[in-house]
Amino acid sequence: MSDAMVTGRMPEEKKIAATRILARENLATSEVINRVFDEIIETGGTSFLFKKEILPEAWQRAAQFVDSLPIKRTGKYVDMTLKEAKRERLTNKGLM
């Protein structure tokens with residue numbers, strides 16, 4: 001596979017600031033661009049670029065799990081403390 005050049009325009013100050021950070025992180029600009037393009041290809045979109053907070057993969061899975069849980073149960077005992085629920089059950093059985 002042959003390489004292709006990607007060109008983009010941005011303010012010079014932004015480029016300098018980001019290049020310093022990348023150097024500190026021991027990353028080349030082309031490596032970062034390649035990773036962004038890989039993510040676009042893998043996810044089939046760019047929505048990951050616009051998330052307010054990019055979470056590590058494990059946290060994303062945990063958040064998806066929590067979001068998949070059913071809505072809070074409703075019923076007689078839901079808002080009671082354990083002690084109150086026990087007392088209510090005993091009272092209903094005529095034991096209190």
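This passage describes the overall form of a predicted protein model, followed by its helices and selected residues.

The protein contains four helices and zero strands. Read from the N terminus, the order of the elements is α-α-α-α. The radius of gyration of the protein is 27 Å, whereas a compact globule of 96 residues would have a value near 12 Å. The extent of the C-alpha trace was also computed, and along the principal axes of the protein the trace spans about 80 × 30 × 20 Å.

The surface of the model was examined next. Buried residues account for 3% of the 96 residues in the protein. The accessible surface amounts to about 9,500 Å², and carbon and sulfur atoms contribute 57% of this area. With respect to charge, the protein carries 17 positive and 14 negative side chains. The centres of these two sets of side chains are 12 Å apart.

Helix α1 covers residues 12-24. At 1.5 Å a residue, the 13 residues of α1 should span 18 Å, and the C-alpha atoms at the two ends are indeed 18 Å apart. The number of buried residues among the 13 residues of α1 is one, so this helix lies largely in the open. Just after α1, Asn26 adopts a positive phi of about 60 degrees, although Asn26 is not a glycine. Asn26 belongs to the loop between α1 and α2. The relative accessibility of Asn26 is 70%. Because the cut-off for an exposed residue is over 50%, Asn26 counts as exposed.

Helix α2 comprises residues 29-43. For its 15 residues, a span of 21 Å is expected at 1.5 Å a residue, and the end C-alpha atoms of α2 are separated by 21 Å, in agreement with that value. Two residues of α2 were considered individually. Asn34 is located in this helix and has a relative accessible area of 47%. A residue is called buried under 20% and exposed over 50%, with partly exposed in between; Asn34 is therefore partly exposed. The C-alpha atom of Asn34 lies 9.9 Å from that of Val6, and these residues are 28 residues apart along the chain.

The second residue considered, Thr43, also has its place in helix α2. Thr43 has a relative accessible area of 44%, so the description partly exposed applies to Thr43 by the cut-offs given above. The side chain of Thr43 reaches the backbone oxygen of Gly45 at 3.1 Å. Between these two positions in the numbering, and just after α2, Gly44 takes a positive phi of about 75 degrees.

Helix α3 is formed by residues 57-68 and has twelve residues. From the first C-alpha of α3 to the last, the distance is 16 Å, close to the 16 Å expected at 1.5 Å a residue. The count of buried residues among the twelve residues of α3 is zero, and this helix is accordingly described as hardly covered.

Conventions:
Residues numbered from 1 in each chain as written. Heavy atoms only, no water. Rg over C-alpha atoms; globule rule 2.2 N^0.38 Å. Buried < 20%, exposed > 50% of the residue type's maximum accessible area, 1.4 Å probe, protein only. Areas by Shrake-Rupley, 256 points an atom, 1.4 Å probe, with all protein chains shown as cover. Lys, Arg positive; Asp, Glu negative; His and termini not counted. Charge placed at Lys NZ, Arg CZ, Asp CG, Glu CD. Expected span 1.5 Å × (residues − 1). Polar contact = N/O pair within 3.5 Å; in protein donor to acceptor, adjacent residues only side chain to side chain.
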